[in-house]
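Hi everyone, thanks for making the time. I have one structure to walk through, so let me put it up on the screen.

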Amino acid sequence: MTLEKLLADGRIHPARIEEMYYQSKSELESHILEAGEQAALEANVPALDPELLKLLGRLKFRTSYGQNVLDHVVEVTQLAGLMADELGASAKTARRAALLHDIGKAVSPRGRGPARAGGRRLSRASTARTEAVAHAMEAHHNEGRAPRRSRP
């Protein structure tokens, strides 16, 4: 974005480069938040924490196996909601878990240990998520334990 602005302007010198860099950085942060908000809207997952929306928006700039990660989580969210409805389960919980299942990739782009650890930390960080959502996020990488169920 900075290069495009500089080339369009034509004035390329150190002070102008710095100015355009900070302007682009500010615009990018706004764009990331908008992408996260749009994804949550498309996925029908309301009331997400603004920090989660920013992380979600960062997924727009990540790919995994050639697929855009933000597009992937929105598609998975729609499928999870449909499956939950068919099974008589909570579509709201399924959609929330599906939307957040790869959120760790926004913390670490490599997709290995740190992303999984980041996702695990995020799954437990917010009181807005239920135990079922946290478990689904962790179980996505076969790392979560089954939630405890009370015995009758």
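I'll talk about how two helices pack, then about salt bridges, and finish with a residue in a loop.

Before anything else, please keep in mind that this is a predicted model.

Let's begin with the helix pair. At what angle do helix 2 and helix 3 pack? The angle is about 95°, and the two axes are 7 Å apart. Angles of 65 to 115 degrees count as roughly perpendicular, so helix 2 is roughly perpendicular to helix 3. If you want to find them on the screen, helix 2 covers residues 14-42 and helix 3 covers residues 50-58.

Which residues make up that contact? On the helix 2 side we have Ile32, Leu33, Ala35, Gly36, Glu37, Ala39 and Ala40. Facing them from helix 3 are Pro50, Leu53, Lys54, Leu56, Gly57 and Arg58. Sorted by character, the residues of this contact come out as 8 nonpolar, 2 polar and 3 charged.

Now let's stay with helix 3 for a moment. Its buried residues are Leu52, Leu53, Leu55, Leu56 and Gly57. Leu53, Leu56 and Gly57 should sound familiar, since they also appear in the contact with helix 2. At the N-terminal end of helix 3 there is a cap, provided by aspartate 49. One of its side-chain oxygens sits 2.9 Å from the backbone nitrogen of glutamate 51.

Glutamate 51 has a side-chain partner as well: it forms a salt bridge with lysine 54, at 3.4 Å from N to O. Both residues belong to helix 3 and are 3 residues apart, about one turn of the helix. Are these two buried or exposed? Glutamate 51 is partly exposed, because its relative accessibility is 48%. Lysine 54 is partly exposed too, at 38%.

I'd like you to look at lysine 54 again, this time for what it does across the helix pair. Leaving aside residues up to four places away in sequence, lysine 54 touches Ile32 and Leu33. Its C-alpha is also 5.9 Å from that of glycine 36, although the two are 18 residues apart in sequence. So lysine 54 has a salt bridge to glutamate 51 within helix 3, and it takes part in the contact with helix 2.

Next, the salt bridges more broadly. How many are there? The count comes to 6. One of the others joins arginine 11 and aspartate 9, with an N to O distance of 2.9 Å. Arginine 11 is partly exposed, given its relative accessibility of 46%, and aspartate 9 is partly exposed at 29%. This pair belongs to a network of salt bridges that links Asp9, Arg11, Arg16 and Glu19.

For a contrast in setting, take aspartate 102 and lysine 105. Their side chains meet in a salt bridge of 3.6 Å, N to O, and both residues are buried.

Last stop: threonine 130. You'll find threonine 130 in the loop between helix 7, residues 113-125, and helix 8, residues 131-139. Threonine 130 has a relative accessible area of 40%, so it counts as partly exposed. Its C-alpha lies 9.6 Å from that of arginine 96, with their positions 34 residues apart along the chain.

That's my tour. I'm happy to go back to any of these on the screen.

Definitions and conventions. Residues are numbered from 1 along each chain as its sequence is written. This is a predicted model: local features need pLDDT of at least 70, side-chain atom pairs count only at pLDDT 80 or more; totals for chains, interfaces and linings use all residues. Side-chain values use heavy atoms; hydrogens and water are left out. Axes are lines fitted to C-alpha atoms, for helices over the stretch in contact, and angles run from 0 to 180 degrees between N-to-C directions. Helices (H or I, at least four residues) and strands (E, at least two) are DSSP runs, numbered from the N terminus. Angles under 35 degrees count as roughly parallel, over 145 as roughly antiparallel, 65 to 115 as roughly perpendicular and the rest as oblique. Contact means heavy atoms within 4.5 Å. Ala, Val, Leu, Ile, Met, Phe, Trp, Tyr, Cys and Pro count as nonpolar, Asp, Glu, Lys and Arg as charged, and the others, Gly among them, as polar. A salt bridge is a side-chain nitrogen of Lys or Arg within 4 Å of a carboxyl oxygen of Asp or Glu. Buried means under 20% relative accessible area, exposed over 50%, partly exposed in between (1.4 Å probe, protein chains only). A polar contact is a pair of N or O atoms within 3.5 Å; within protein, one must be able to donate a hydrogen and the other to accept it, and residues adjacent in sequence count only if both atoms are side-chain atoms.
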